[in-house]
Amino acid sequence: MSPLLFYTVALVIIVPALAVVLSENLFHAGLSMIVSFLGIAAVYLMLSAPFVAAMQVLVYAGAIAVILLFAFMLTHDIMQPQRQSAKFQQTAAGAVCLILAGFMGRVALSSNWGDLNRQATEGVPLGVLGKSFLTDYLVPFELISLLLLMTLVGAIVIARKEEKDRTVWPEDEVGTDS
Amino acid sequence: MSDSWIYSPAGEYLNRLSEHHLGREIPALLLMVLMLVVMLVFLAVSALFLIWLERKISARIQNRMGPMLSGPAFLRNRSMWVGGAFQTAFDAIKLLLKELIVPGRADPVPFVLAPVLIFGVSVAAFLVIPWAPALSVADLNIGLLYVVSVSSLTVLSIIMAGWSSNNKYSLLGGLRSAAQMLSYEIPLLFALMGPVLMAGTLSMQGIIEAQRELGVWFLVPSFLGAVIYYVAAIAEVNRPPFDIPEAESELVAGYVSEYSGMMFAMFFLAEFSNMMLVSAIATTVFLGGWAVPGFPLPEQPDLLYTLLGGAIFFLKMYALILLMMWIRWTFPRVRPDHLMNMGWKFLLPLAFVNLMICAGVAIMQAEARAAGEPVSRLAVWGIGVGALLLIVGALSLFREAERPYHLIPSPSEKV
């Protein structure tokens, strides 16, 4: 992996990531997040994990971020730049970020990079990946699907609250075929 | 970086050619640029031709002549299929010369980037299409997944266009389009999963190879999947009867309302190249790609076979495109809530059923492989036709017993 390429990609991840946090325009923040996701996909590619890269693009850039933007479009009055988060929110978020950075720094410092680098450049065939998902890592794999199910149910519960005051449009009653 | 998962048959061919004539290989970067340019020109020219074809077909269906006046005089007053042959070329020149207008209150960066992104994404997705035995720009071993994941970014550019135009019609168009494309991506993916299961690979050439080995196109065991894919694909490219995002009568032109000149043309080009893309994928996955039963493959793919294979691929692809145009000019636009109902409550469950059928065939293949004998073609046909009959029967029973009308409250009922 050429270092120049890596640093370019790293910039493509970090600069939009900063823009996500600092941009006053929510829509721009969302778009920057997608650029950052694409940069992460590029890192997966450089680590010889094309499958993970494709999944990153499909799931994060193509679905999650799009749903986020979709939500922006449905939300009323979100383009007010003066909407500031509360002081205590900022402090709490800063603290969480620092703790997270500490953890990641610890992992980064204690890893044996030479070994990992060799493993990463070899790549894993798709079949092996699939097999290990359904054998060695079955429990985490299924747990993630459970998590998604919970989110789905939660979303439905929140959305259903408005069911009570649903109005019936006259057009719905007649002439609806199929 | 390991290159084992990037294999470019076309690049290798060009390299061999260059080595033979010039005595050295083409530099990798130059090769990439070269292939990209060829792809771009090919797509642009095809899109021009398809736009002309669409206009002529719509004219034929509506008993008109279509564009007849542009072009050299000797082509006029002949068959409707030669008159006005240069219409779209002139249209393109007109669009190229037009001023690019960015509305004053639009968000300029996403506004300008959206058309670039939508066409770029569709060009990028074309890189893995296997046109002929040894003719694909890149043969990734995650080929199909690559196409699907890259083209999932199309919806992003539509949202960008819709939002940044700062126009309520554009916004509504973008909103509808996002909902539609996200919903239909799911049945589309599940419909593709069945053939992938049977082929045991995601590589596009590998899927064609698997169909040749089986001796039957995947259309047979997974007919349902093919139909689901086709319907979902029409919705994905926002073509009628699923052109709700750009419904003229309600939304002007939806998310393209504010675009002019070449930026508008990019959206138009992308629509037609996406149409080619989904047809090319359907050809590869369900119709056996460049192969026909009884098509012998030579040891060394030479020029004749490449041309022949390419011709077969194009024949199949254009048949699907023509079907898409025929559908466009035949059916009226679907209502948005009907569209959502169909995607989630009808196509998705059917796609699951199709996946189960394909899994059955895959198990049969695995058993045959373990026993060391070829899969019986008759059994595959039997499974395909039997499952189809069963499903059609079950659906017709279901429709008779439970018309969906009960879901809609009757006038007397208060909700």
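Let me begin with a term: a residue is called buried here if 20 or more other C-beta atoms lie within 10 Å of its own, and exposed if 12 or fewer do. With that in hand, consider helix H1 of chain A in this predicted model, which covers residues 3–22. Of the 20 residues of H1(A), the number buried is one, so this helix lies largely in the open. Its 20 residues reach 28 Å from the first C-alpha to the last, close to the 28 Å expected at 1.5 Å a residue.

Staying with chain A for a moment, its secondary structure amounts to eight helices and zero strands, and buried residues make up 14% of its 178 residues. Among the contacts in chain A with a separation of 6 or more, 52% are between residues 24 or more positions apart.

Turning to chain B, we again find zero strands, here with 14 helices. The radius of gyration of chain B is 23 Å, close to the 22 Å that the globule rule gives for 415 residues, so chain B is as compact as a globular protein of that length. Along the principal axes, its C-alpha atoms fill a box of roughly 75 × 70 × 50 Å. Buried residues account for 43% of the 415 residues in chain B, and of its contacts with a separation of 6 or more, 75% join residues 24 or more positions apart.

Where, then, is the nonpolar core? As a general matter, in soluble globular proteins nonpolar side chains tend to be buried together. In this model the largest nonpolar core has 125 residues, and those with the most contacts inside it include Leu144(B), Ile159(B), Ile228(B) and Tyr229(B). Helix H11 of chain B, residues 261–286, gives the most to this core, with 16 residues. To take one of the well-connected residues, Ile228(B) touches Pro187(B), Ala191(B), Leu347(B), Leu350(B), Ala351(B) and Asn354(B), once residues up to four places away in sequence are set aside.

Which way does H11(B) cross H2(B), roughly parallel or roughly perpendicular? The two helices pack at an angle of about 95°, with their axes 9 Å apart, and angles from 65 to 115 degrees count as roughly perpendicular, so H2(B) and H11(B) are roughly perpendicular to each other. On the H2(B) side the residues that meet H11(B) are Leu43(B), Ala44(B), Ser46(B), Ala47(B), Leu50(B) and Ile51(B), and on the H11(B) side their partners are Leu269(B), Phe272(B), Ser273(B), Met275(B) and Met276(B).

Ser273(B) deserves a closer look, as a residue of H11(B). Why does Ser273(B) count as buried? The cut-off is 20 or more other C-beta atoms within 10 Å, and Ser273(B) is buried because it has 25 of them within that distance. Leaving out residues up to four places away in sequence, Ser273(B) touches Leu43(B), Ala47(B) and Ser122(B). Contrast this with Glu19(B), in helix H1 of chain B, which counts as exposed because it has 12 C-beta neighbours inside 10 Å. Beyond its neighbours within four places in sequence, Glu19(B) is in contact with Arg24(B) and Glu25(B), while its C-alpha atom is separated by 28 Å from that of Leu43(B), 24 residues apart along the chain.

Another helix to point out in chain B is H7, residues 168–199, whose 32 residues should span 46 Å at 1.5 Å a residue, and whose end C-alpha atoms are 46 Å apart, which agrees. H7(B) is mostly covered, with 26 of its 32 residues buried, and it is followed by Gly200(B), whose phi is positive, near 75°.

Finally, some backbone details in the loops. Most residues other than glycine have a negative phi, and most peptide bonds are trans. Asn166(B), in the loop between H6 and H7 of chain B, is not a glycine and yet has a positive phi of about 60°; with 15 C-beta neighbours inside 10 Å, Asn166(B) counts as partly exposed. Asn238(B), which also has a positive phi of about 60°, sits in the loop between H9 and H10 of chain B and counts as buried because it has 23 C-beta neighbours inside 10 Å. Pro241(B) is likewise found in the loop between H9 and H10, and the peptide bond leading to Pro241(B) from Pro240(B) is cis, with omega near 5°.

Notes:
Residues are numbered from 1 along each chain as its sequence is written. Chains are lettered from A and ligands numbered from 1 in the order in which they are written. This is a predicted model: local features need pLDDT of at least 70, side-chain atom pairs count only at pLDDT 80 or more; totals for chains, interfaces and linings use all residues. A nonpolar core is a set of buried Ala, Val, Leu, Ile, Met, Phe, Trp, Tyr and Cys residues joined through C-beta atoms within 7 Å. Helices (H or I, at least four residues) and strands (E, at least two) are DSSP runs, numbered from the N terminus. Two residues are in contact if their C-beta atoms, placed from the backbone, lie within 7 Å. The radius of gyration is taken over C-alpha atoms; the globule rule is 2.2 Å times the number of residues to the power 0.38. The expected span of a helix is 1.5 Å times one less than its number of residues. Axes are lines fitted to C-alpha atoms, for helices over the stretch in contact, and angles run from 0 to 180 degrees between N-to-C directions. Angles under 35 degrees count as roughly parallel, over 145 as roughly antiparallel, 65 to 115 as roughly perpendicular and the rest as oblique.
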